[in-house]
Amino acid sequence: MEREDNVLDELLHDIADLLNEYPKAIERQAAALHAGGKDPELVEKLIKAADTMRDSGNLYLTWAKHFAALAEGNTDASSDE
């Protein structure tokens with residue numbers, strides 16, 4: 001069981017890293033498009049998309065941590081927060 005707990009912790013860490021990097025990559029792409037004189041509306045959409053992905057990523061990570069805690073037998077994780 002402890003090995004599975006470690007796997008969940010490692011996966012949560014990987015997920016957190018990816019969810020953190022994804023919006024940054026979108027923002028870098030938006031900056032590159034802006035610097036290249038591309039469609040300003042597209043740039044604005046990408047910036048908004050990065051914000052949306054950041055917010056939804058935080059929500060996803062919260063749920064992932066909740067379920068990992070449940071899987072570890074933490075019954076406090078099942079209470080309404």
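## One turn along helix α2

W63 and F67 sit 4 residues apart in helix α2 (residues 40-71), so about one helical turn separates them. Helices here are DSSP runs of H or I, at least four residues long, numbered from the N terminus.

This is a predicted model: local features need pLDDT of at least 70, side-chain atom pairs count only at pLDDT 80 or more, and totals for chains, interfaces and linings use all residues. Residues are numbered from 1 along each chain as its sequence is written, and side-chain values use heavy atoms, with hydrogens and water left out.

## The aromatic pair

How many aromatic pairs does the structure hold? Just 1. W63 and F67 make up that pair, and they are stacked, at 5.5 Å centre to centre with 25 degrees between the planes. (Rings of Phe, Tyr and Trp, using its six-membered ring, pair if their centres lie within 6.5 Å; planes under 30 degrees apart count as stacked.)

Are these two buried or exposed? W63 is partly exposed at 47% relative accessible area, and F67 is partly exposed too, at 48%. Partly exposed lies between buried, under 20%, and exposed, over 50%, with a 1.4 Å probe and protein chains only.

## Two surface patches

W63 and F67 also join L59 and L70 in a nonpolar surface patch, with about 420 Å² of accessible area together. L59 is in helix α2 as well. Patch residues have over 30% relative accessible area and no salt bridge; nonpolar side chains are joined within 5 Å, like charges within 9 Å. (A salt bridge puts a side-chain nitrogen of Lys or Arg within 4 Å of a carboxyl oxygen of Asp or Glu.)

There's a negative patch on the surface too, made of D9, E10, D14, D17 and E72. D14 belongs to helix α1 (residues 2-35) and is partly exposed at 41%.

How values were computed
Rings of Phe, Tyr and Trp (its six-membered ring) pair if their centres lie within 6.5 Å; planes under 30 degrees apart count as stacked, over 60 as edge-to-face and the rest as tilted. Helices (H or I, at least four residues) and strands (E, at least two) are DSSP runs, numbered from the N terminus. Accessible areas come from the Shrake-Rupley method with a 1.4 Å probe; for residues, only the protein chains shown count as cover. Lys and Arg count as positive and Asp and Glu as negative; His and the chain ends are not counted. The place of a charge is taken as NZ of Lys, CZ of Arg, CG of Asp or CD of Glu.
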